[in-house]
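Visitor: I've just opened this one and I'm not sure how to read it. Could you walk me through a few features?

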Amino acid sequence: MFDYDPYYSAYPHYAGQTIDWLPSDTQQLYNMHTKQDNANRRKIKNLNFNSENVKYKFNDYGFRCDNFKTNNNIVFLGCSLTLGTGINLENTFSQTIADKLKLNNCNLALAGGSNDSMFRIAYHWLPQLNPDVVVCFAPTKERSEFFIDNRHENLMATHTKNNSWYMNYLKEDNNFKVNYQKNKMAIEHLCAQVNAKLLFLHVEDWEFDYRNDLARDLMHPGVNSHGLIANEMLKYLGT
C-alpha cells in the first residue's frame, strides 16, 4: 500500500516487532537503578514502573504506532520525547492528541533524532500519509544527522566522540541555527504541498518541570507530563 524504503524509517530493524527496551530505556540502566541505587529504586516504584510494563510496538514500517492508514491522519515528528521513551504509547502526548482529534496517530519520531531526521522522514511520508495535521516538536538545534559508510549517525553535543570536526562545528552557533532554519522551512513547504495544518514547536522553548514525573528511564518526561504537553498543544491547535 505504501512505498517503503528503510532509509526513511526510524527503526527499520524493529519493523513489525514489539520489544521491551529501547535506548535510553535499557535493561542495563533499569537494573542499575533498581539494584544499585536505593533512591532511584524508590522513584521507579513510586512511578509504578517495572521491567515488564513498558512495551515498544513498531509498525510494519519501523515506527512506534499502529500500521498506517491512507486518510484521517495526524503526523508527529521529533525525538525521544515525541517517541515517548520510557512510557507506553497510549500515555504519550501524540496518542492523547490523536484520540482527542479522532485522527490516526502516525508517530514518526526517532529517539536521538535531529531536525535533519525530521525532514528526512517527513519528505518520504507526508505525501503518502496526506495528514490533516502535522505536529513537529523540534529537537535541540545542535543535533545533526549523517550517514557514514551506510551507517546512520546522530551527532549531539553529548556524544562528540572526541571528533575535532564536530567540536569545531558546535563552537559556531550559526552552523546549527541555519541547519534548523533550513529544515523548518522545508517541512513547512512539505505541509503546504499536502495542505496539512502545521504546529511547529521547539523543545528548548517549552517550559515545564518534569523532574518529579519521570519515565521509566528516569530521564524523560513521565505520563502526567505528557498529559500536560498534550493539553498545551491542543490549545495551540485550537481545540
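Visitor: Let's start with two helices. Does H4 pass H8 in a right-handed or a left-handed crossing?

Guide: Right-handed: that's the way H4 goes past H8. Keep in mind that we're looking at a predicted model.

Visitor: What do people use to describe two packed helices?

Guide: Two numbers: the angle between the axes and the distance between them. Here, H4 covers residues 93-101, and its axis comes within 8 Å of the axis of H8, with a crossing at roughly 45°. That angle makes H4 oblique to H8.

Visitor: Which residues make the contact?

Guide: On the H4 side, they are Phe 93, Thr 96, Ile 97, Lys 100 and Leu 101. H8 brings His 226, Ile 229, Ala 230, Met 233 and Leu 234.

Visitor: On to the sheet. What is the order of its strands?

Guide: Read it as E4-E3-E5-E8: an open sheet of 4 strands, paired in parallel. Strands E4 (104-107) and E8 (197-202) are at the edges; each has a single partner strand, so one side of each has no neighbour in the sheet. From one strand to the next, the twist averages 15°.

Visitor: Can we zoom in on one pair? How many bridges join E3 and E5?

Guide: There are 5 bridges, in the parallel sense, between E3 (residues 73-78) and E5 (residues 133-138). To find one of them, look at Phe 76, whose bridge partner in E5 is Val 135.

Visitor: And which strands does helix H5 lie across?

Guide: H5, residues 115-129, lies across E3, E4, E5 and E8, and runs at about 165° to E3. Helix H8 (residues 223-236) packs on the sheet too, where it touches E5 and E8. The direction of H8 makes about 130° with that of E8.

Visitor: Last feature: cysteines. How many disulfides are there?

Guide: The whole structure was searched, and the count is 0. The test is whether two cysteine sulfur atoms are within 2.5 Å. For Cys 65, the closest cysteine sulfur belongs to Cys 106, 5.6 Å away, which is too far for a bond.

Visitor: Why does Cys 136 have no bond to Cys 191?

Guide: Because the sulfur of Cys 191, though the closest cysteine sulfur to that of Cys 136, is 6.1 Å away, too far for a bond.

Visitor: Are Cys 65 and Cys 136 buried or exposed?

Guide: Cys 65 is buried, with a relative accessible area of 4%. Cys 136 is buried as well, at 0%.

Key: Residues are numbered from 1 along each chain as its sequence is written. This is a predicted model: local features need pLDDT of at least 70, side-chain atom pairs count only at pLDDT 80 or more; totals for chains, interfaces and linings use all residues. Side-chain values use heavy atoms; hydrogens and water are left out. Two strands pair if DSSP finds at least two bridges between them. Axes are lines fitted to C-alpha atoms, for helices over the stretch in contact, and angles run from 0 to 180 degrees between N-to-C directions. Contact means heavy atoms within 4.5 Å. Buried means under 20% relative accessible area, exposed over 50%, partly exposed in between (1.4 Å probe, protein chains only). Angles under 35 degrees count as roughly parallel, over 145 as roughly antiparallel, 65 to 115 as roughly perpendicular and the rest as oblique. A crossing is left-handed if the near helix is turned anticlockwise from the far one by less than a right angle, and right-handed if clockwise.
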